[in-house]
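Please look over the structure shown here. The briefing below it covers the fold, the confidence, the surface and a few selected residues.

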Amino acid sequence: MMTLLAIFVAGIGAGFINVMAGGGSLLTLPLLILFGLPSAVANGTNRIALMAQNIVAIASFRKGGYFDWKFSTMLAIPALIGSIVGAQIAVTMSNDLFNRILSIVMIVVLVIIVWKPHKRLSAASEGQTWPKRIGLMVIFFFVGVYGGFIQAGVGFIIIATLTLVSGLSLVNINSIKVFVVAIYTLSALVVFIVNGQVHWGYGLTLAAGTSLGALLGSRFAVKHGDKWVQRILIVAVVAMAVRLFFKTV
């Protein structure tokens, strides 16, 4: 019960950070590993919470009228295929190697969160030519591979890519992002389930926590800035990244 309570609280923090600054998986995935789950099981379990968050987000965007089913589906299909490849790599990789890769990815994504290079990009023209569409489909295949493998920070990759190539507004880009992530997360989750790499008790508890955290974060974001949240995130991520890199299994 104490472990479930800790995971629920961690989920609240991750959901809160996802709304305020992004990168909640940088906390939940390593925490599940440090709570004793094998790396592949922690990776699969984390997908349950991701599915819950993105389903809620899709419903919200759809209700607000910001949704392009055709364009989103066009990008989601190659991402789905790529995620199966990435998830297969994740379930067959050794715990030690995965932990070290994750620790490095955590630091890289943390730099992206602080520096915000995706917000410095200049938007391209909004015209969607077929060369652009084909290029995006190829890119999103590799986005799916990365998302199926680790997931952490994939939102920044999607935002940067669509900002550079599509010229869409940030609201539309985010509506596409949550749909694409939801679709390929489902396919990746299936791979983890088939391979027996999901802890349902932890996953559902984490999903409940992240949902509550996202609700609290969305309300807090209206009244306060996110600088102090980023400072806490920096300390937590660096500490866990170092711990993971030198963790022996």
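What follows is a short briefing, grouped by topic.

This is a predicted model. The chain has ten helices and zero strands. Half the picture is interior: of its 249 residues, 50% count as buried.

**Overall fold**
- Read from the N terminus, the order of elements is α-α-α-α-α-α-α-α-α-α.
- Contacts over long sequence distances dominate the count: of those between residues at least 6 apart in sequence, 85% join residues at least 24 apart.
- The accessible surface of the chain is about 11,400 Å². Carbon and sulfur atoms account for 71% of that surface.

**Confidence**
- The average pLDDT of the chain is 80. A score of at least 70 is reached by 81% of the residues.
- Helix 4 (residues 69-92) has the highest mean pLDDT among the elements, at 91.
- Helix 10 has the lowest, at 65. Helix 10 also contributes to the surface patch described next.

**Nonpolar surface patch**
- Ile 107, Val 111, Trp 115, Val 238 and Val 242 form a nonpolar surface patch of about 430 Å².
- Two elements give two or more residues to the patch: helix 5 (95-115) and helix 10 (227-245).
- Helix 5 supplies the largest share, three residues.
- An α-helix has 3.6 residues a turn, so residues three or four places apart point the same way.
- Val 238 sits in helix 10. Its relative accessible area is 35%, so Val 238 is partly exposed.

**Helix 2 and helix 3**
- Helix 2 (residues 25-34) is largely enclosed by the rest of the structure, because eight of its ten residues are buried.
- The buried residues of helix 2 are Ser 25, Leu 26, Leu 27, Thr 28, Leu 29, Pro 30, Leu 32 and Ile 33.
- Gly 36, just after helix 2, has a positive phi of about 115°.
- Helix 3 (residues 39-64) has 26 residues, which at 1.5 Å a residue should span 38 Å. The C-alpha atoms at its ends are 38 Å apart, so the two values agree.
- Gly 65 follows helix 3 and also has a positive phi. Its value is near 85°.

**Ala 188, in helix 8**
- Ala 188 belongs to helix 8 (residues 170-194).
- Its relative accessibility is 0%, so Ala 188 counts as buried.
- Beyond its neighbours within four places in sequence, Ala 188 contacts Arg 47, Ser 83, Ala 87 and Gly 148.
- Gln 88 is 100 residues from Ala 188 in sequence. In space, their C-alpha atoms are 8.3 Å apart.

**Ile 193, in helix 8**
- Ile 193 is also found in helix 8.
- Its relative accessible area is 37%, so Ile 193 is partly exposed.
- Ile 193 touches Val 198 and Trp 200, leaving out residues up to four places away in sequence.
- The C-alpha atoms of Ile 193 and Thr 45 are separated by 9.1 Å. Along the chain, the two residues are 148 residues apart.

**Gln 197, in the loop between helix 8 and helix 9**
- Gln 197 lies in the loop that joins helix 8 and helix 9.
- Is this loop residue, Gln 197, buried or exposed? Gln 197 counts as buried, because its relative accessibility is 16% and the cut-off is under 20%.
- Its contacts, apart from neighbours within four places in sequence, are Ala 40, Val 41, Gly 44, Thr 45, Val 91 and Phe 192.
- Gln 197 and Gly 44 are 153 residues apart along the chain. Their C-alpha atoms are separated by 5.7 Å.

**Thr 205, in helix 9**
- Thr 205 is placed in helix 9 (residues 200-223).
- With 17% relative accessibility, Thr 205 counts as buried.
- Which residues does Thr 205 contact, leaving aside neighbours within four places in sequence? They are Leu 4, Ile 7 and Phe 8.

Notes:
Residues numbered from 1 in each chain as written. Predicted model: local features only at pLDDT ≥ 70, side-chain atom pairs only at ≥ 80, totals over all residues. Heavy atoms only, no water. Helix = DSSP H or I, 4+ residues; strand = E, 2+ residues; numbered from the N terminus. Buried < 20%, exposed > 50% of the residue type's maximum accessible area, 1.4 Å probe, protein only. Contact = heavy atoms within 4.5 Å. Areas by Shrake-Rupley, 256 points an atom, 1.4 Å probe, with all protein chains shown as cover. Patch = residues over 30% accessible without salt bridge, like charges linked within 9 Å, V, L, I, M, F, W, Y side chains within 5 Å. Salt bridge = Lys/Arg side-chain N within 4 Å of Asp/Glu carboxyl O. pLDDT = per-residue confidence, 0-100. Expected span 1.5 Å × (residues − 1).
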